[in-house]
2 protein chains.
Amino acid sequence: MDRIDAMRAFVAVVNEGSFSRAAERLDLSPQLVSKYVSRLEQHLGVRLLNRTTRRLHLTEAGMRYHQRVQQVLNDIEEMEDQLGDMQAQARGLLRISAPVSFAIRHMGPALQAFQVAHPAVAIDLQLNDRKVDILEEGFDIALRIGHLQSSSLIAKRITPVRLVMCASPEYLAKHGTPRQPEDLREHRYLRYTYMEQDAGGALYRWLRWEGRNPPGELISNNGDVLVEAAVAGGGIVLQPSFIVGDAIQAGRLEVVLTEFEPAPMALYAVYAHRQLLASKVRSFLDFINGYFGDPPYWDAFDQPG
Amino acid sequence: MDRIDAMRAFVAVVNEGSFSRAAERLDLSPQLVSKYVSRLEQHLGVRLLNRTTRRLHLTEAGMRYHQRVQQVLNDIEEMEDQLGDMQAQARGLLRISAPVSFAIRHMGPALQAFQVAHPAVAIDLQLNDRKVDILEEGFDIALRIGHLQSSSLIAKRITPVRLVMCASPEYLAKHGTPRQPEDLREHRYLRYTYMEQDAGGALYRWLRWEGRNPPGELISNNGDVLVEAAVAGGGIVLQPSFIVGDAIQAGRLEVVLTEFEPAPMALYAVYAHRQLLASKVRSFLDFINGYFGDPPYWDAFDQPG
DNA sequence: TTGATTATCTACGATTTGTTGATAAATAAC
DNA sequence: GTTATTTATCAACAAATCGTAGATAATCAA
């Protein structure tokens, strides 16, 4: 027996003054309502109602119980309604982790647009390039480039992430434009710390220096810095198009080895589970899924015009 | 599923930080606790906990729910404890209906003694000679002389009630002492309104005047008045021994026709039901059952000395 | 009295419950 | 890195419970 249903039945019987009318109101059979109240009495060890076939009379215990149980039922209902609201319309605090360079360039307008659509959602955006433990650190969603790690997490593919190799026109004029991957040997490669081994594809083997750090090498865990260095003529970078797209379109960088472009990676939204997802999370996933376009707007350098 | 148990399980899981420890504390299998929480989530339509095999993390919804549900559970527990107390030790208001003449003479000391034994019970004693509807009028117990009427009520026999016929010595000296029932024809009978037809037994047929009201007859619905009249030499009365006992013992009345004494009636305690009886009621029934003695103390006139 | 209304009892099929054993995931220990 | 241990959950099954229908008893109105 569900004790809450039993309480509801008792309250209905008292308020309606009859088992049958209570049953009608609750959409239950009179027998069931009678059973519920009897069991409730048995559970409490107290007679709540004196009943004849014609009239009902509360006992003293029943009177006390009635008052308080009504309050309790209201509390429960209010509590559940509140949770229901959270599901019905997105609200609450949405904690997001995102890659630094990506977020700096593309998350600002996106979040602004999302919050216009969902004004009851507060957002806490934390920029991290390490792979955060979303459960442990309390994130609702982590945006990641590359693939997921934990099996208990869901990764939703949001948009492709192309890696393009490029350098400034000045640099290329001075050192020549590479035509084949092996030509990279002769160039200064501005190296990104977290570049995954398989991300470079066919290019990867030409980018390694077998652990040696060649004199004058530049390594950073921040793509922007490397790109700025490239723009300044510092060498060749292999970076996502969402970072270099603008510079390419502005003519400050030039793409090289286009035929050897690695298979695209992707931006994933990683979250904890699929069922009973909080509305704020579901809304954000839906929103971000369509936001960047396909292909994403930052890849516009492909179709110059 | 009992939602209250499910709530309890959820709270235990949160407080213990683990399903298995919660299960241990609640004395349930871990599988069941897991099931409870899952169903609770399903019912609410919200994920409450993010769980890995090693650690649990409350969702925002779970946090809100946890706080409030704990309050609700406390309320319920407190409420049930309070009712439990009412059962464990007698307390509350005990409403008793009792026959007027009996109560005036014998209930005062009885109630006093009862309340010494059960100080938390308040008593409302209403004196009525009519047969009250205990449910309708909200009585817990009605003391009655004679038998019960309603089938839904329980009547517990408390003590025998003897009806004795008596008159003052002066009256008997003047009008003679009746030796046979038929001698009553020649006497003045002081008549009690509610005397049941069968109560007088063999004497009854001699007490009727076939509807006629003989000149100078005295009728009352109060036995005390009739007894006082008899003491004053006004005639013969047929009254319960609990009324006339004192006067007999004091020599102010004399019993007549002892061999023809009607079969004893009884004092009954009538109450509404047998199961889940409120403690105050059960205590009073137990108390009153042994209080008057067997035979009751007012019948002491039988054993002079 | 009769008839209507009402609460409850009984019996039964359908559903749910709680358990056991198995599985998969996450950490600790080595 | 690999293995072992702990832990939550899944699957399946017997046992218990649930909710309904029919019957019964009790009360009140006509």
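The contact between the two protein chains of this predicted model takes 43 residues from chain B and 44 residues from chain A, contact being defined as heavy atoms within 4.5 Å. Of the interface residues of chain B, 100% are also interface residues in chain A, so the copies meet through the same surface. Chain B and chain A bury about 4200 Å² between them, with 58% of this area on carbon and sulfur atoms; buried area is the accessible area (1.4 Å probe) that two parts lose on being put together, summed over both. In chain B, the most area is lost to chain A by Arg68(B), Met79(B) and Leu276(B), which together account for 16% of what that side buries.

Residues are numbered from 1 along each chain as its sequence is written, while chains are lettered from A and ligands numbered from 1 in the order in which they are written. Local features need pLDDT of at least 70 and side-chain atom pairs count only at pLDDT 80 or more, whereas totals for chains, interfaces and linings use all residues; side-chain values use heavy atoms, with hydrogens and water left out.

Ten salt bridges are found across the interface of chain B and chain A, a salt bridge being a side-chain nitrogen of Lys or Arg within 4 Å of a carboxyl oxygen of Asp or Glu. In one salt bridge, the side chains of Asp5(A) and Arg3(B) meet at 3.9 Å, N to O. Polar contacts between chain B and chain A comprise 19 residue pairs, both residues at pLDDT 80 or more. A polar contact is a pair of N or O atoms within 3.5 Å; within protein, one must be able to donate a hydrogen and the other to accept it, and residues adjacent in sequence count only if both atoms are side-chain atoms.

On the side of chain B that touches chain A, two or more residues are given by each of helix H1 (3–16), helix H3 (30–44), helix H4 (60–88) and strand E3 (92–98) of chain B. Helices (H or I, at least four residues) and strands (E, at least two) are DSSP runs, numbered from the N terminus. H4(B) provides the largest share of this side, 16 residues. By class, the side of chain B that touches chain A divides into 17 nonpolar, eleven polar and 15 charged residues, where Ala, Val, Leu, Ile, Met, Phe, Trp, Tyr, Cys and Pro count as nonpolar, Asp, Glu, Lys and Arg as charged, and the others, Gly among them, as polar.

A turn of 180° with a shift of 0.0 Å along the axis lays chain B on chain A with an RMSD of 0.1 Å. That is the relation of a two-fold axis. The superposition is by least squares on the C-alpha atoms of residues with pLDDT of at least 70 in both copies. Among the residues of chain B, Asp2(B) comes closest to the rotation axis, at 2.1 Å (C-alpha).

DNA strand D is surrounded by 23 residues, the closest being Met1(A), Gln31(A), Ser20(B), Ser34(B) and Arg51(B); a residue is near a strand if one of its heavy atoms lies within 4 Å of it. Of the strand D atoms within 4 Å of the protein, 64% belong to sugar or phosphate and the rest to bases. A base oxygen of DNA strand D lies 2.7 Å from a polar side-chain atom of Gln31(A). Phosphate oxygens of the strand are approached by a polar backbone atom of Phe19(B) at 2.9 Å and by a polar side-chain atom of Ser20(B) at 2.3 Å. H3(A) gives the most to the surface near DNA strand D, with five residues. This surface has four nonpolar, 13 polar and six charged residues.

Around DNA strand C there are 24 residues, of which Ser20(A), Ser34(A), Arg51(A), Met1(B) and Thr53(B) are the closest. Sugar or phosphate accounts for 63% of the strand C atoms within 4 Å of the protein, and bases for the rest. A polar side-chain atom of Ser20(A) lies 2.4 Å from a phosphate oxygen of DNA strand C, and one of Ser29(B) lies 3.0 Å from a phosphate oxygen of that strand. H3(B) supplies the largest share of the surface near DNA strand C, five residues.

The peptide bond from Asp294(A) to Pro295(A) is cis, with omega near 0°, and Pro295(A) is found in the segment after helix H10 (279–291) of chain A.
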